[in-house]
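Let's take a relaxed walk through some ring contacts and strand pairings. Have the viewer open and follow along.

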Amino acid sequence: MVKKLYPDAAAALDGLLFDGMQICAGGFGLCGIPERLIDAIRDAGVKDMTIASNNAGIDGEGLGKLLRTRQVKKMISSYVGENKEFERQFLAGELEVEFCPQGTLAERCRAGGAGIPGFYTKTGVGTQVAEGKEVKSFDGQDYILERGIFADIAIIKGWKADESGNLIFRKTARNFNQPMATAAKVCIAEVEEVVPTGSLDPDAIHLPGIYVKRMIVGAPYDKKIEFRTVREREAA
């Protein structure tokens with residue numbers, strides 16, 4: 001059996017990083033993001049990257065760390081509202097951004113992982129999303145052509161995996177991690193726990209190990225909260 005577990009993030013990424021590469025990154029905001037892998041990419045100093053991700057974290061957290069160090073050339077994202085540095089770089093012309101509807105982004109990654117180079121969708125027809133894209137009519141309705149995404153590497157965050165790479169996500173932390181995992185030449189998974197092969201219920205596995213080429217254990221983690229909302233203490 002091929003050994004997939006590596007001692008740390010730097011070792012798991014060894015030989016995979018290069019300037020100008022494309023990365024699919026799982027996560028939604030700060031939920032389900034591969035923190036240790038992002039830190040290792042930052043420390044490696046690789047630059048001019050194109051990253052496909054729902055968003056870019058927040059200022060100084062998640063993919064926001066790579067924006068702060070100016071290692072990202074282009075983002076393919078659906079939501080950027082919580083990252084002021086993202087906004088600043090975009091408005092200043094320092095960062096190329098390809099906005100993509102959220103469901104379309106997920107499907108572009110799923111399609112890329114399934115070997116589908118493109119598909120037609122009604123989402124975005126008649127808007128800026130459709131500019132420069134092929135439009136085709138089916139049954140009297142217009143659809144636009146979207147290209148599948150297939151990156152050099154995918155970095156994802158899981159909850160529990162076995163030694164073969166079979167992986168379980170935890171609740172909403174599954175988000176974009178599952179489609180991103182299939183949409184790259186090499187998928188590196190960061191998990192909280194690794195158990196012996198055969199320990200996981202086959203019916204509980206979300207991502208088959210055939211997709212996961214390398215793994216690290218990233219725990220323990222500090223729980224980061226994007227927005228802390230509390231009610232005022234009631235008067236005694």
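## An open sheet

What is the strand order in the open sheet of three strands, and what kind of pairing does the sheet have? The order is β10-β9-β12, and the pairing is mixed. Keep in mind that this is a predicted model.

At the edges sit β10 (167–168) and β12 (193–195), each of which pairs on one side only. Strand β9 (residues 160–162) runs parallel to β12, and three bridges join the two. To find the spot on screen, look for Asp 162, which stands opposite Val 195 in β12.

## Charges over a tryptophan

Which charged ends sit over the ring of Trp 159? One belongs to Lys 160, with its charged end 4.7 Å from the ring centre. Another is that of Arg 170, and here the distance to the ring centre is 5.5 Å. Both count as sitting over the ring because the cut-off is within 6 Å of the ring centre and within 35 degrees of the ring normal.

## Strand β5 and its two faces

Now over to β5, where the side chains alternate. Phe 119 and Thr 121 point to one face and are buried, while Gly 118 and Tyr 120 point to the other and are not. That fits the general picture: in a regular strand, side chains alternate between the two faces of the sheet.

β5 runs antiparallel to strand β7 (residues 141–147), and four bridges join them. One handy landmark is Thr 121, whose bridge partner in β7 is Ile 144.

## Aromatic pairs

How many aromatic pairs are there? The count comes to three. One of them is Phe 90 with Phe 99, an edge-to-face pair at 5.6 Å centre to centre, with 90° between the planes. Phe 90 has a relative accessible area of 35%, so it is partly exposed. Phe 99 is partly exposed too, at 40% relative accessibility.

Why is the pair of Tyr 120 and Phe 138 edge-to-face? Their ring centres are 5.3 Å apart and their planes are at 65°, and planes over 60 degrees apart count as edge-to-face. This pair links distant parts of the chain: Tyr 120 is in strand β5 (residues 118–121) and Phe 138 is in strand β6 (residues 135–138), 18 residues apart.

As for exposure, Tyr 120 has a relative accessible area of 30%, so it counts as partly exposed. Phe 138 is partly exposed as well, at 33% relative accessibility. Tyr 143 joins the story here: Tyr 120, Phe 138 and Tyr 143 form one aromatic cluster.

Technical notes:
Residues are numbered from 1 along each chain as its sequence is written. This is a predicted model: local features need pLDDT of at least 70, side-chain atom pairs count only at pLDDT 80 or more; totals for chains, interfaces and linings use all residues. Side-chain values use heavy atoms; hydrogens and water are left out. Rings of Phe, Tyr and Trp (its six-membered ring) pair if their centres lie within 6.5 Å; planes under 30 degrees apart count as stacked, over 60 as edge-to-face and the rest as tilted. Buried means under 20% relative accessible area, exposed over 50%, partly exposed in between (1.4 Å probe, protein chains only). Two strands pair if DSSP finds at least two bridges between them.
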